[in-house]
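This report walks through one protein chain, from its overall make-up to a few single residues. Keep the sequence and the structure in view while reading.

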Amino acid sequence: MCKCDLEYNLMFRNKLLSKCRVFIIILTIFLSSFISHSNVHSYEIGNIHLNLIWDSGGVSSSYLLDTINYLEDLGLHITLENLEWHAFMTRLLVTKDYDLAFLGISGGGVSPDMRELYTESGGLNIFGLDNSVPYVQESEDMQNEGVTIVDLDQRQQHYYQWQQLMMDKIIPLLPYYTPVSYVATWSNLVGYNSSWGIVDCLPYMHFESLHENQTSILEFNIADAEWRDLNPLLLDDTASSFIFSLMDEPILGWAPEMKPVKNALVKEWFNIDEYHYKFTLRDDIYWNPSYNISLRNDTSPPLDPLTTPLLSGLKNGFVSEGTNQRVTAKDAVFTLLSFGNDIVSQSTTMYDWIEDCYVDPFDEYSFHIQIDGNATTPEQEIYADFWDKLSADILPEFFLNSTDATVSYTSGGAECTGLYEGIQNTTEWKSYSVSPFGCGKYLLDFHIDGTITVLRASPYWFGKGIIDGTSQILDLDKINVHILPDISRELSLFKDGFLDWTGLTAFPTYRRVMQKDSRFDVQSLLTASMSFLAFNLQRPFIGGTNNYEYLTLDGKTNYTKGAAIRKAICYAIDRVEMNNQFSEGEFFISDCPIYPFTKYYYHDDIIKYNYNLTLAEEWLSAALDPVPTSSLHPNLIQISVVLFLMCYMIKKRSRKLS
C-alpha cells in the first residue's frame, strides 16, 4: 500500500471514529433523558402531600384525625379540609378537586346494582372512574351483566366476582363502617328476631311470664307516631306502613338477606324465559272481614261479621265476611298494576319494568309478568331487580277496583281496566284509607286519634310463618300501638314495663346498661348505610398516570402503580382500632363496595385490608421503585452496544495502521 493510500485510510478512519464518538455522546444524552423521563412521576416517601375533604355533619373528626396519623406513619402528609355540605358535594361531583374524601351513603341496599356510583357515566361517580383505566371497563361490563342475570344463585356468584375485582384491582375506596341499630324487648318475650322484624315474627312470639307492670301475656304493647293514611297506594310514612303490614300479607316473601322466599302468598314461581315469569299463590287464603271500624272505640263489642258493620266494595257492592272472598291471582295483578298506575299510585317508577301482568287463563291462582327493563326503547330488555317490588302488600281487587270500562296504563305500558281519574274520591277508597282490611294476621279493631290503635288476632289468617313456612298460631291476641312520637317518653315507659318493645339506637348509654341487665334482651341489626374513604383516581400519585403503569415485581405484575398505592393506603389504616376507640367496637366494619345490609350479595370472603403496616410499605415501595434498566427499549440498548464495539474496533485498527 502506498503512502497516500495509507494516509487516506487513516483520515477516513479518524473521521468515522469522530462521528461514532459524537453519535455515542448524543445517544448517551438521549438515554439519560429517557431514563429521567421514565421516572418523571416518581415520588419520594416523606415528600408526598394529599388533601382529605369531609363534611363535618357526617362523622366525628376523631376518625379523620386518626386516619391522617396512620397515613403519616406511611410517610404521607395529609391536609384535612372541613367543608359545608354544598361545597363538599361540589368538590366531589363537579370540580373533582380532592385526593381523598370521607363520606357516607344511605337509602340503598335492597339491590347490589350500584352503577350510579361505580361506572364512568354514573351520576354519583365521585371516584373519577374512567374506562381507559385498567380493569374499570371490565368492572362496568360486569355490572351491566349483573342486572341481566335472572338466576338468583348465579347472580350472587357474579356479584361476588365483581366485588373481588373492584377491591383487588381497582380499589376506588376503602369501606369503613356500617352503623348498627338497636332494639330491646323484655326477656320474657320469646320468638322475636330483630332481623325479621315484629310483623314477620308475630306468629312465633309469646310471653313466658309477666314482666314488671305487664297485665296480660296475650297483649303486645308498642309505641309509634300517629298514622296518616292506611291505603298502601297512598301512604308515605312508616307509622301507616307498619299498621297496614299487621293486617295484610306481601305477595312475595322477602327475607332479611334481601332474597325472595316461598313462604308468603306466592308459593312457587317459574321463569318461562328471561322476560316472562309465572307465579302461583296459595289456594287456601281468604280476605279478612271488611269491617267498618270508623265508629268503634274501647267500649265497642268484639268484632263479629254478623254484628259489626261491613264495608262494601266498588265492584258490585261485594263485602268480605272472612270466608266468602278468596285471595286469587286477580288480586295480585290488580295490586301490581295499581302501584304502576299514576292515577292511584305515588310509586309508579318502581314498577315501570312491568310490560304486562295478567291472570293465567287456566288457573285463577296463577299470574304472569312480562318484563321490559326499559319501556322507552323498542327492544325488550332484561331486568333482574324486580324481586323486592313483588313484596308489596296485596290489595282486594273486589273492593278497590271498579266495573268501569275505562282503560289506563302503567308507567311500563301495561294495560289496566277499571281505574279512572277520581276513583280515589269514591266512598270506598276513602273508607279504605281509615278502615282497611287485608288477609293478614290481625284485624283493625279501633283507633283513637292521638292515643292508640288496637288490633286483634284474625281467626281467618292462613297460619303459616314466613320465616320457615311452618304452621303457626297467634299467641298474642291483641296489639296496642300507643301513639307516642316522643322517643324519650317511649324509652321511659319501656323501662317501667308499660311497653314491650322499643328502639335504643338514640340512647347508647341506656342501651349499654340494658345489655347488662338480665331483664332485657337487646338485639341489633345493620342499617342500610355505609361510610368509606374515597380515592380520586384522576389525581396524581394515587391515580393519574400511575393508573396506567404496571408493577414489575414478581407476583405483582397484574397491578398498576396507582392500585398499589391505594392498596398501601388501605393497609395502613387501622379501622378496628378506631372502631374500638371511638365507637366501643359497635360499628360493623365493611370490606365490600356494596352495602353490608345487602346480605345475600355481600361477599364476605373477599380481599380484606386489615391493618398491616408491613404490607402497606411493601405495596408503596413496589409502586415507587424506579424503572429498572432492563425495562428500557431493548433496541436502544443493542444499538449502544454495537456502536461502542464499532468504535473500539476502529480505534484498534487505527493504531495498527499508524
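The protein chain has 17 helices and 24 strands. Helices (H or I, at least four residues) and strands (E, at least two) are DSSP runs, numbered from the N terminus. This is a predicted model, in which local features need pLDDT of at least 70 and side-chain atom pairs count only at pLDDT 80 or more, while totals for chains, interfaces and linings use all residues. Residues are numbered from 1 along each chain as its sequence is written, and side-chain values use heavy atoms, with hydrogens and water left out.

Of the 658 residues in the protein chain, 52% are buried. Buried means under 20% relative accessible area, exposed over 50%, and partly exposed in between (1.4 Å probe, protein chains only). Among contacts between residues at least 6 apart in sequence, 70% join residues at least 24 apart. Contact here means heavy atoms within 4.5 Å.

**Two helices**

Helix H6 covers residues 152-170. At 1.5 Å a residue, its 19 residues should span 27 Å, and its end C-alpha atoms are 26 Å apart, which agrees. The expected span is 1.5 Å times one less than the number of residues in the helix. H6 is largely enclosed by the rest of the structure, because 14 of its 19 residues are buried. At the N-terminal end, Asp-151 caps H6, with a side-chain oxygen 3.3 Å from the backbone nitrogen of Asp-153. Just after H6, Ile-171 has a positive phi of about 50°.

Helix H9 is mostly covered as well, with ten of its eleven residues buried. Among them are Ala-329, Phe-334, Leu-336 and Phe-339. The elements that cover the buried residues of H9 include strands S13, S14 (354-359), S15 (366-371) and S17 (415-417), together with helix H10 (397-400).

**Positive phi in loops**

Most residues other than glycine have a negative phi. Two loop residues with a positive value are Met-258, near 70°, and Asn-316, near 60°. Met-258 is in the loop between strand S10 (253-254) and strand S11 (260-261), and Asn-316 is in the loop between strand S13 (276-281) and helix H9 (329-339). Met-258 is buried, with a relative accessible area of 7%, whereas Asn-316 is exposed at 57%.

**Three buried loop residues**

Is Ser-402 buried or exposed? Its relative accessibility is 8%, so Ser-402 counts as buried. Ser-402 lies in the loop between H10 and strand S16 (407-409). Ser-402 and Lys-315 are 87 residues apart in sequence, yet their C-alpha atoms are 4.9 Å apart in space. Leaving aside neighbours within four places in sequence, Ser-402 is in contact with Leu-314, Lys-315, Gly-418, Tyr-420 and Ile-423.

Asn-547 sits in the loop between strand S23 (529-535) and helix H14 (561-572). With 1% relative accessibility, Asn-547 is buried. Apart from neighbours within four places in sequence, its contacts include Val-133, Pro-134, Leu-537 and Arg-566.

Glu-586 belongs to the loop between helix H15 (575-583) and strand S24 (588-589). Its relative accessible area is 18%, so Glu-586 is buried. Not counting residues up to four places away in sequence, Glu-586 touches Val-180, Tyr-182, Arg-511, Arg-512 and Asn-579.

The table lists polar contacts of these residues. A polar contact is a pair of N or O atoms within 3.5 Å; within protein, one must be able to donate a hydrogen and the other to accept it, and residues adjacent in sequence count only if both atoms are side-chain atoms.

| Side chain of | Partner | Distance |
|---|---|---|
| Asn-547 | Arg-566 side chain | 3.0 Å |
| Glu-586 | Arg-511 side chain | 2.5 Å |
| Ser-402 | Asp-404 backbone nitrogen | 3.1 Å |
| Ser-402 | Gly-418 backbone oxygen | 2.5 Å |

**A pocket**

The second largest pocket is lined by 18 residues, and those nearest its centre are Gly-107, Gly-108, Gly-109, Ser-111 and Asp-113. On a 1 Å grid over the protein atoms alone, a pocket is an open set of points where a 1.4 Å probe fits, with protein on both sides within 12 Å along at least five of seven lines; lining residues have an atom within 4 Å of a point. Strand S3 (100-106) and helix H4 (115-118) each supply at least two residues of this lining. The largest share, three residues, comes from H4.
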